[in-house]
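Colleague: I would like to go through this model one point at a time. Please give the reasoning before each answer.

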Amino acid sequence: MDEQKNKDRIMQVAIELFQEKGPKFTMDELASALKMSKKTLYVYFTDKEDLFHHAVDHIFDSITDAKSKIITDETIELRERIIETLQVLPRQYRHVDFRQLYMLKDKYPRVYEHLSKRLESNWETTIELLEKGQREHVLRDFSIPVFKTIYESTLEHFFERDVLKANHISYPDALREVVEIIMNGISE
C-alpha cells in the first residue's frame, strides 16, 4: 500500500509540475519537490517517459472512475447523465492545463500515442448510455460511430493544436462547449 501511496503522490506532484512547466520539468525538479532523492524516484519510474506514460493512465483511470459513478447514478436524469459523462473531468484535474498535452507529441511520441489510444478506449459504458438515450427518446436516432469519431477527433484536435491556448479557452470550458454544441446544436 505504501508503494501505491508513493506512486500516487509522485503522480500528483508530477502533474502539478506539468501544469506549471509543461513537459520541460526535470526529474531533479520532481525529486526536489517531493523531497526525495532522484534515485528513489527511479525506483518507481524508469525515466521521464515512463512517468508520463503512467500519468496518462492515472488521469484517464480517474476519468473512467468518475464516469462510472455518473453512469450508474439513477438519481440523475438520463439526459443529464449523458451530458455529465461526456464532459467529465475529475475535480483534482480541473486545474490542469490539458492544452499543454500537445507538447508531448514531438518529444514523447509514444506517450502521445498512448494518450490518443486512451481517448479512443473505454467507450462501452458511454455507448450503452447513448443507446439507452435513443431507446428512451431522450436523444434522436443518430450514428453512434459517427458521434464517437466527431467527439474523439475534437478532443484530439485540442491536444494537437494550440487552438485553445491561442484563444484563451480552458480545456474544461472547451469540453463543456463541445458537449453543449453536440447536445443542442448551433441553431437558435
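Modeller: One term first: a helix here is a DSSP run of H or I with at least four residues, and helices are numbered from the N terminus. The model is a predicted one.

Colleague: Which residue just after helix 7 takes a positive phi?
Modeller: Helix 7 covers residues 109-120. Just after this helix, a positive phi of about 60° is taken by Asn 122.

Colleague: How far apart are the end C-alpha atoms of helix 7?
Modeller: Helix 7 has twelve residues, and at 1.5 Å a residue they should span 16 Å. The model agrees with that expectation, as the separation of the end C-alpha atoms is 17 Å.

Colleague: Which residues of helix 7 are buried?
Modeller: The cut-off for buried is under 20% relative accessible area. In helix 7 the residues that meet it are Val 111, Tyr 112, His 114, Leu 115, Ser 116, Arg 118 and Leu 119.

Colleague: What pattern does the protein follow along the sequence?
Modeller: The protein has eleven helices and zero strands. Its C-alpha trace spans about 55 × 40 × 25 Å along the principal axes. Read along the sequence, the pattern is α-α-α-α-α-α-α-α-α-α-α.

Colleague: What share of the contacts between residues at least 6 apart in sequence join residues at least 24 apart?
Modeller: A contact needs heavy atoms within 4.5 Å. Among contacts between residues at least 6 apart in sequence, the share that joins residues at least 24 apart is 69%.

Colleague: Which helix gives the largest share of the largest nonpolar core?
Modeller: The largest nonpolar core has 54 residues, and Ile 10, Leu 30 and Leu 51 have the most contacts inside it. Nine residues, the largest share of this core, come from helix 4.

Colleague: Which residues does Leu 30 touch, leaving out those up to four places away in sequence?
Modeller: Leu 30 is one of the residues with the most contacts inside the largest nonpolar core. With sequence neighbours up to four places away left out, Leu 30 touches Ile 10, Val 13, Ala 14, Leu 17, Phe 25, Leu 41 and Leu 51.

Colleague: Which helix gives the most to the lining of the largest pocket?
Modeller: The largest pocket holds about 400 Å³ of space. Of its 27 lining residues, the closest to the centre are Phe 60, Ile 63, Lys 67, Leu 119 and Tyr 151. By class the lining has 16 nonpolar, seven polar and four charged residues. The most, six residues, comes from helix 4.

Colleague: Which helix gives the most to the lining of the second largest pocket?
Modeller: The second largest pocket holds about 320 Å³, and its lining has nine nonpolar, one polar and two charged residues. Helix 9 and helix 11 are the elements that give two or more residues to this lining. The most, three residues, comes from helix 9.

Colleague: Is Glu 152 buried or exposed?
Modeller: Glu 152 lies in helix 9. Not counting residues up to four places away in sequence, Glu 152 touches Leu 119, Glu 120 and Trp 123. The relative accessible area of Glu 152 is 11%, and the cut-off is under 20%. Glu 152 is therefore buried.

Colleague: What separates the C-alpha atoms of Glu 152 and Glu 20?
Modeller: Along the chain, Glu 152 and Glu 20 are 132 residues apart. Their C-alpha atoms are separated by 26 Å.

Definitions and conventions:
Residues numbered from 1 in each chain as written. Predicted model: local features only at pLDDT ≥ 70, side-chain atom pairs only at ≥ 80, totals over all residues. Heavy atoms only, no water. Core = buried A, V, L, I, M, F, W, Y, C linked by side-chain atoms within 4.5 Å. Buried < 20%, exposed > 50% of the residue type's maximum accessible area, 1.4 Å probe, protein only. Expected span 1.5 Å × (residues − 1). 1 Å grid on protein atoms, 1.4 Å probe; cavity = no way out; pocket = protein on both sides within 12 Å on 5 of 7 lines; lining within 4 Å. Points joined across faces, edges and corners; volume = space filled by probe spheres on them. Nonpolar A, V, L, I, M, F, W, Y, C, P; charged D, E, K, R; others polar.
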